Amino acid sequence: METADSRPIRVGLVGCGNVSRQYLRNTAASEELTVVACADLVGARAESVAREFGVPAALRVDALLADPEIDLVLNLTLPNAHADVTLRAFESGKHVYTEKPLAPDLEDARTIVAVAQRLGLGLGSAPDTVMGAGLTTCARLIAEGAIGQPIGANAFMMSAGPDRFHPAPEFLFRPGAGPLLDIGPYFVTALVALLGPVSSVAGLASTPRGERVIRVGDRAGTPFAVQTPTHVVSLLNFASGVLGTLVTSFDIVGTRTPGFEIHGTAGSLIGPAANSWGGPVLLKRDGDHDFTEVDIGAGATPGFMGMGLIEMARGLRRGSTPTASGIRALHVLDVLNGVLASAHADGAATVITPPHAESMSSSGWRAA
């Protein structure tokens with residue numbers, strides 16, 4: 001007879017945009033979960049996704065959140081709806097895995113974590129790229145002492161901006177997004193997974209252009225207002241003493257800067273882009289002539305969007321903490337908001353409240 005811990009976790013997906021297709025495609029073969037319903041504010045969109053992927057039911061959002069047959073809500077809504085959908089799911093006694101960020105507003109994110117803990121419900125949050133073969137290889141090398149004691153890190157995401165390729169990019173240029181809050185979560189998540197929590201930050205930000213123009217799609221040529229900084233330079237002071245630099249920009253035409261580096265007393269790592277799951281990973285030890293590529297597992301799956309959701313479903317069945325945890329997502333959001341607060345204060349340092357010691361030592365904190 002099937003029991004609660006032997007059957008797959010029943011997932012209800014809210015938000016049927018483009019990213020929903022990646023999740024459905026990548027988790028279709030999982031034995032840990034099954035998507036039993038989907039919902040979207042645009043009913044036709046939910047019905048289309050349900051037909052395409054064989055999801056049994058396309059429901060209204062309220063009906064999905066109230067459905068007693070659903071164990072876990074996969075929250076793929078736009079960032080400004082994350083907190084509302086997550087908290088309503090908790091009210092219905094459901095676990096939640098949400099796309100990043102946990103919530104655009106830091107106080108909302110703190111409320112989400114507090115409610116999950118009070119109700120004893122599971123909370124997971126993207127990104128799950130730290131579970132991919134590339135960044136877990138970096139974690140292994142650091143743990144093995146391949147670069148000695150870590151002392152510094154550099155992370156860069158510099159592009160010309162999503163208005164060049166996205167047919168509806170306006171939301172990425174509004175408060176709660178921009179390069180720091182859209183792409184920054186990948187890099188800060190990777191950094192804290194490898195180096196531990198951040199204790200203080202400083203930042204400077206600019207908005208070189210107050211208006212952008214959509215370049216592709218049916219609305220190509222349409223101008224729109226930029227409402228958030230699009231070039232942000234961040235300094236991160238880790239509790240371990242490591243110092244880090246993070247630059248995120250939608251204003252750079254081209255760059256040859258390595259995207260992700262960790263430096264230590266005995267060597268340096270060039271890691272993969274933090275918003276990817278695979279490699280390459282390059283290592284140069286003190287005395288080496290040049291960097292050499294590290295084998296991240298020949299023939300192994302590098303990783304994929306949705307692996308954090310699958311691991312969380314497995315954990316709900318077996319009682320383990322998700323690697324892509326709400327606690328870490330809250331700390332990452334605290335760091336990112338601290339950078340913006342510092343930028344608004346002309347670069348004054350912002351102190352970051354570290355997670356509790358028990359949270360830092362859980363399986364949901366470090367990638368290694």
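Helices are DSSP runs of H or I with at least four residues, numbered from the N terminus. The exercises below concern a predicted model.

**Exercise 1. The largest pocket**

Determine the volume of the largest pocket, the make-up of its lining, and which helices each supply at least two residues of that lining.

Solution.
1. The volume of the largest pocket is about 1,300 Å³.
2. Its lining consists of 44 residues. Those nearest the centre are Val19, Leu76, Thr77, Leu78 and Phe171.
3. Sorted by class, the lining holds 25 nonpolar residues, 11 polar residues and eight charged residues.
4. At least two lining residues come from each of helix H1 (18–27), helix H4 (82–91) and helix H7 (178–182).

**Exercise 2. Strands S14, S15 and S16**

Establish in which sense S15 pairs with S14 and with S16, and describe the turn between S15 and S16.

Solution.
1. Strand S14 (residues 267–270) is paired with strand S15 (residues 282–285) through four bridges, in the antiparallel sense. Within this pairing, Ser268 is opposite Lys284 of S15.
2. The pairing of S15 with strand S16 (residues 292–293) is likewise antiparallel, and it comprises two bridges. Here Leu283 is opposite Thr292 of S16.
3. S15 and S16 make a hairpin, with six residues between the two strands. In the turn, Gly287 has a positive phi of about 105 degrees.

**Exercise 3. Cis peptide bonds**

Locate the cis peptide bonds that precede Pro101 and Pro127, and state the omega of each.

Solution.
1. As background, most peptide bonds are trans.
2. Lys100 and Pro101 are joined by a cis bond whose omega is about -10 degrees. Pro101 belongs to the loop between strand S5 (95–98) and helix H5 (106–119).
3. The bond from Ala126 to Pro127 is also cis, and its omega is near 10 degrees. Pro127 belongs to the loop between strand S6 (123–125) and helix H6 (133–143).

**Exercise 4. Asp346**

Where does Asp346 lie, what is the sign of its phi, and is the residue buried or exposed?

Solution.
1. Asp346 sits in the loop that separates helix H10 (326–344) from strand S17 (350–351).
2. Its phi is near 60 degrees, which is positive although the residue is not glycine. Most residues other than glycine have a negative phi.
3. The cut-off for an exposed residue is over 50% relative accessible area. Asp346 has a relative accessibility of 69% and therefore counts as exposed.

Note on methods
Residues are numbered from 1 along each chain as its sequence is written. This is a predicted model: local features need pLDDT of at least 70, side-chain atom pairs count only at pLDDT 80 or more; totals for chains, interfaces and linings use all residues. Side-chain values use heavy atoms; hydrogens and water are left out. Two strands pair if DSSP finds at least two bridges between them. On a 1 Å grid over the protein atoms alone, a cavity is a set of points where a 1.4 Å probe fits but cannot get out, and a pocket is an open set with protein on both sides within 12 Å along at least five of seven lines; lining residues have an atom within 4 Å of a point. Grid points are joined across faces, edges and corners, and a volume is the space filled by probe spheres set on the points. Ala, Val, Leu, Ile, Met, Phe, Trp, Tyr, Cys and Pro count as nonpolar, Asp, Glu, Lys and Arg as charged, and the others, Gly among them, as polar. Buried means under 20% relative accessible area, exposed over 50%, partly exposed in between (1.4 Å probe, protein chains only).
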